[in-house]
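Q: Hi! I'm new to this one and would love a quick tour. Could you show it to me?

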Amino acid sequence: LKSAVGSHRCPYTRNVVAMLRALFVSSLGLAVLSQVDAVSLRAHQHASDELFTVSLRPSTREAYSPVSRNNVRPSQRHLSLLERSGALSREHSRQASLGAALNRMRAESQRVHALQYFGEVYVGTPEQKFTVIFDTGSGHLMVPSVKCDSAACAKHKRFQANQSSTAIPIGWADEPMTRAEDDTDRDTMVVNFATGDAVGQYMRDKVCLGGLSGKFCAMADFVEMTEESDNPFKDAEWDGIVGLGQSVSDAAEFNIFGVLSTNSTPSMKMPVFAVYLGRNIEDEAEITFGGVRKERMASDLTWVPVYEEGYWQFQISDVLINGKTINICKKYGERQCQGVLDTGSSLMMGPENDLGMILKALSFANDTQINCTKEQKFPNLGFVIAGKTFEMEADDYMDRSQDGHDANMQSCWAHLMPVRDTGRGPIFVLGMPFLRAFYTAYDVKNKKIGVAQANHKASTVHSKDLVVEPLVALRPGMDDSAGKPAAAVDNKKKVAEAKKNGH
């Protein structure tokens, strides 16, 4: 997540989450894309009988999270990626070396749990299709521009404004509805990633979310990237990012789902999107717009209000180990513990002291990796949300590997990352391990989050008014935890079958 730069509704949470994701990126030598800045969003409900679902594809090739961003006025535009590339490369090499050992240790985990999930978004008239990451921790749609002559852009689909009859150039972030009359007199957005940079300008055009069976469409603002560094873009399997943050956009007009929920064609029945991730890379994964899919849930949704505007942040009243409290939330008073749901984080992260207690209670002593026996059992990890306990089994929050051990021994590691105390209160970033265990729904109008036990059984029957297009998951070929080449794994066959069957 990006650090705050402009005016913010909640700089407290924004900076905490930005620091947590930045620490995660630095430790793993990865980048996981996000956005900053805050403007309040108030969505309104419209009626529709249609629900559109986009299939997600996971990938571990390039992670995608910027750690900061700002707007550059025309007088500052001489800031160039090429001019800064030498210093950036040295810093990125340092960050990569810090995470090299941990990357290898977690390679076995990456074989089972993908780091990214991506699908499609459609921009312009006629539609131009882009492969994108859906990120609940950022607030903008970002796609490469035909104006971009960087090598990274050349390998991807680029937005051609001159081929769209509805495209409108926007000059300033604080005037999101005003056409730019002079291409040299426009805001330039500079986004800094843990492993690279991007530069973009603002556009307005028709944006559609959905799949083969139907889409929600509306005019909305977005960013066309005019410069991209090689990392993390050049070898990425995705073109850009759709930010689905609760209220972290430059203006409400940039909040793609917020705009669609109030002004789409067809109009939405519910101002809600929902995320389902399969347990393994080969399994189905999807994001649904306009409502929820009950067949993806093994329990009813429990709703909790957004605690602070900005990210999808909510209150956690207690943390349990095998159903017993470890008393880490009471010390924070009425605020208790705070959680943020983040599709852009492949681990669960939290304050060092609190996660240290959790790891010890989970039999991991003071580390996330230990030697264990095949027979060794680990306790359940539970979070109390809105008075209900959501419990993760050991296989939800950890992995095992036999590599380098005798017959009865294994390496066991938890998908938990303790981070330094930020001094800004307890924030737990609940990334993909949590999102695989639970089906999550996000209500932009009523500012609340729904959580249910995920149903991971095969589901081929959908509600009559549903449109389902699965997300693609992919782990490209890489070295495993023993340094040996491992074949690529993906769910593309299942996605193709789902699309063929019209799901």
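Q: Thanks! Let's begin with helix 7: which strands help cover its buried residues?
A: Keep in mind that this is a predicted model. The cover over the buried residues of helix 7 includes strand 16 (318–321), strand 19 (348–351), strand 21 (381–385), strand 24 (409–414), strand 25 (416–419) and strand 26 (427–430).

Q: And which residues of helix 7 are buried?
A: Helix 7 spans residues 352–361, and Asp 354, Leu 355, Ile 358 and Leu 359 are buried there. Looking down the axis, the buried residues of helix 7 fall within an arc of 135 degrees, so they line one face of the helix.

Q: What about the face turned away from the buried side of helix 7?
A: That face carries Asn 353 and Lys 360, which are exposed.

Q: What comes after the helix?
A: Ser 363 follows helix 7, and its phi is positive, near 75 degrees.

Q: Back to Ile 358, what does it touch?
A: Leaving out residues up to four places away in sequence, Ile 358 touches Val 319, Ile 326, Ile 328, Leu 381, Leu 416 and Phe 428. Ile 358 is also among the residues with the most contacts inside the largest nonpolar core, along with Phe 134, Phe 364, Tyr 397 and Phe 434. That core has 76 residues.

Q: Which residues are in the second, separate core?
A: That core has 18 residues, including Phe 118, Met 142, Ala 152 and Val 191.

Q: New topic: how many aromatic pairs are there?
A: The structure holds 14 aromatic pairs. One of them joins Phe 134 and Phe 289, a tilted pair with 6.0 Å centre to centre and 55 degrees between the planes.

Q: Where do Phe 134 and Phe 289 lie?
A: Phe 134 is in strand 4 (residues 128–135) and Phe 289 in strand 13 (residues 285–289), so the pair ties together parts that are 155 residues apart in sequence. Phe 134 is buried at a relative accessible area of 6%, and Phe 289 is buried at 0%.

Q: How are the rings of Trp 312 and Tyr 442 arranged?
A: Their centres are 5.3 Å apart and their planes at 70 degrees, so this pair is edge-to-face. Trp 312 sits in the loop between strand 14 (302–305) and strand 15 (313–316), while Tyr 442 is in strand 27 (residues 438–443), 130 residues apart.

Q: Which residues form one aromatic cluster?
A: Phe 134, Phe 257, Phe 273, Phe 289, Trp 312 and Tyr 442 do.

Q: Last one: what lies over the face of Tyr 276?
A: Arg 296 does, at 4.2 Å from the ring centre. Likewise, Lys 215 lies over the face of Tyr 122, at 4.6 Å from the ring centre.

Methods. Residues are numbered from 1 along each chain as its sequence is written. This is a predicted model: local features need pLDDT of at least 70, side-chain atom pairs count only at pLDDT 80 or more; totals for chains, interfaces and linings use all residues. Side-chain values use heavy atoms; hydrogens and water are left out. Rings of Phe, Tyr and Trp (its six-membered ring) pair if their centres lie within 6.5 Å; planes under 30 degrees apart count as stacked, over 60 as edge-to-face and the rest as tilted. Helices (H or I, at least four residues) and strands (E, at least two) are DSSP runs, numbered from the N terminus. Buried means under 20% relative accessible area, exposed over 50%, partly exposed in between (1.4 Å probe, protein chains only). A charge sits over a ring if NZ of Lys or CZ of Arg is within 6 Å of the ring centre and within 35 degrees of the ring normal. A nonpolar core is a set of buried Ala, Val, Leu, Ile, Met, Phe, Trp, Tyr and Cys residues joined through side-chain atoms within 4.5 Å. Contact means heavy atoms within 4.5 Å. The arc is that of the directions from the helix axis to the C-beta atoms.
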